[in-house]
Amino acid sequence: MQWTNNLKIAVIENDIVTIGKLIQDIPAFEDIDEAREALALIQESMKLVDEEKTKMIETMKKMKQTKAFLQNQ
């Protein structure tokens, strides 16, 4: 299925934007194996999104610290 292949590529490339778009448009699966594969890919996608979220939070904290430091100079 093309949707599954696109999600695989997005996961491999860590393409969070494409992952988000694909997850918003999940197709109906007629084959249980395809549904299981999609579920596994979605779970992996969620891990990637959580990792990116954590990185973003850390970056924002560092930026706030740098801003505070520079303002006190």
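Let us start where two helices touch: Trp-3, Thr-4, Leu-7, Lys-8 and Val-11 of helix α1 meet Glu-37, Ala-38, Leu-41, Ile-42, Glu-44, Ser-45 and Leu-48 of helix α3. Sorted by class, the residues of this contact between α1 and α3 are 7 nonpolar, 2 polar and 3 charged. Keep in mind as you look around that this is a predicted model.

How do α1 and α3 lie relative to each other? Their axes come within 10 Å and cross at roughly 25°. Angles under 35 degrees count as roughly parallel, and α1 and α3 are therefore roughly parallel to each other. Where α1 passes α3, the crossing is left-handed.

Now step back and take in the whole chain. The protein chain has 3 helices and 0 strands, and reading along the sequence gives the pattern α-α-α. The radius of gyration of the protein chain is 18 Å, well over the 11 Å that the globule rule gives for 73 residues, so the chain is more spread out than a compact globule. You can see this in another way by following the C-alpha trace, which spans about 65 × 20 × 15 Å along its principal axes. Buried residues make up 16% of the 73 residues in the chain. Among contacts with a separation of 6 or more, 63% join residues that are 24 or more positions apart.

With that picture in mind, return to helix α1, which covers residues 2-12. One residue to find here is Thr-4, whose place is in α1. Is Thr-4 buried or exposed? Its relative accessible area is 3%, so Thr-4 is buried. Leaving aside neighbours within four places in sequence, Thr-4 is in contact with Phe-29, Glu-37 and Leu-41. Two of these partners, Glu-37 and Leu-41, are already familiar from the α3 side of the contact with α1.

Continue along the chain and you reach the loop between α1 and α2, where Asn-14 is found. Look at the backbone here: phi of Asn-14 is near 55°, a positive value in a residue other than glycine. At 43% relative accessibility, Asn-14 counts as partly exposed.

Beyond the loop comes helix α2, residues 16-24. The axes of α1 and α2 come within 8 Å and cross at roughly 155°. That makes α1 roughly antiparallel to α2. The crossing of this pair is left-handed. Which residues bring α1 and α2 together? From α1 come Trp-3, Asn-6, Leu-7, Ala-10 and Val-11, and they meet Thr-18, Ile-19 and Leu-22 in α2. This contact has 6 nonpolar residues, 2 polar ones and no charged ones.

Helix α2 also packs against α3, at an angle of about 135° and with the axes 11 Å apart. The two helices are therefore oblique to each other. As α2 passes α3, the crossing is left-handed. On the α2 side the contact is made by Ile-16, Ile-19 and Ile-23, and on the α3 side by Ile-42, Ser-45, Leu-48, Val-49 and Glu-52. By class, the contact of α2 with α3 has 6 nonpolar, 1 polar and 1 charged residues.

Helix α3, residues 32-71, holds a residue that ties this tour together: Ser-45. At 0% relative accessibility, Ser-45 counts as buried. What does Ser-45 touch, not counting residues up to four places away in sequence? The answer is Leu-7, Val-11, Ile-19 and Ile-23. You have met Leu-7 and Val-11 on the α1 side of the contact with α3, while Ile-19 and Ile-23 belong to the α2 side of the contact between α2 and α3.

Finish with Val-49, which is also found in α3. At 29% relative accessibility, Val-49 counts as partly exposed. Val-49 and Asp-15 are 34 residues apart in sequence, and their C-alpha atoms are 9.4 Å apart in space. Another residue to pair with Val-49 is Val-17, which lies 32 residues away along the chain, with 9.6 Å between the two C-alpha atoms. Val-17 is found in helix α2, and at 55% relative accessibility, Val-17 counts as exposed.

Conventions
Residues numbered from 1 in each chain as written. Predicted model: local features only at pLDDT ≥ 70, side-chain atom pairs only at ≥ 80, totals over all residues. Heavy atoms only, no water. Axes fitted to C-alpha atoms, helices over the stretch in contact; angles between N-to-C directions. Helix = DSSP H or I, 4+ residues; strand = E, 2+ residues; numbered from the N terminus. Parallel < 35°, antiparallel > 145°, perpendicular 65-115°, else oblique. Left-handed = near helix turned anticlockwise from the far one by under 90°. Contact = heavy atoms within 4.5 Å. Nonpolar A, V, L, I, M, F, W, Y, C, P; charged D, E, K, R; others polar. Buried < 20%, exposed > 50% of the residue type's maximum accessible area, 1.4 Å probe, protein only. Rg over C-alpha atoms; globule rule 2.2 N^0.38 Å.
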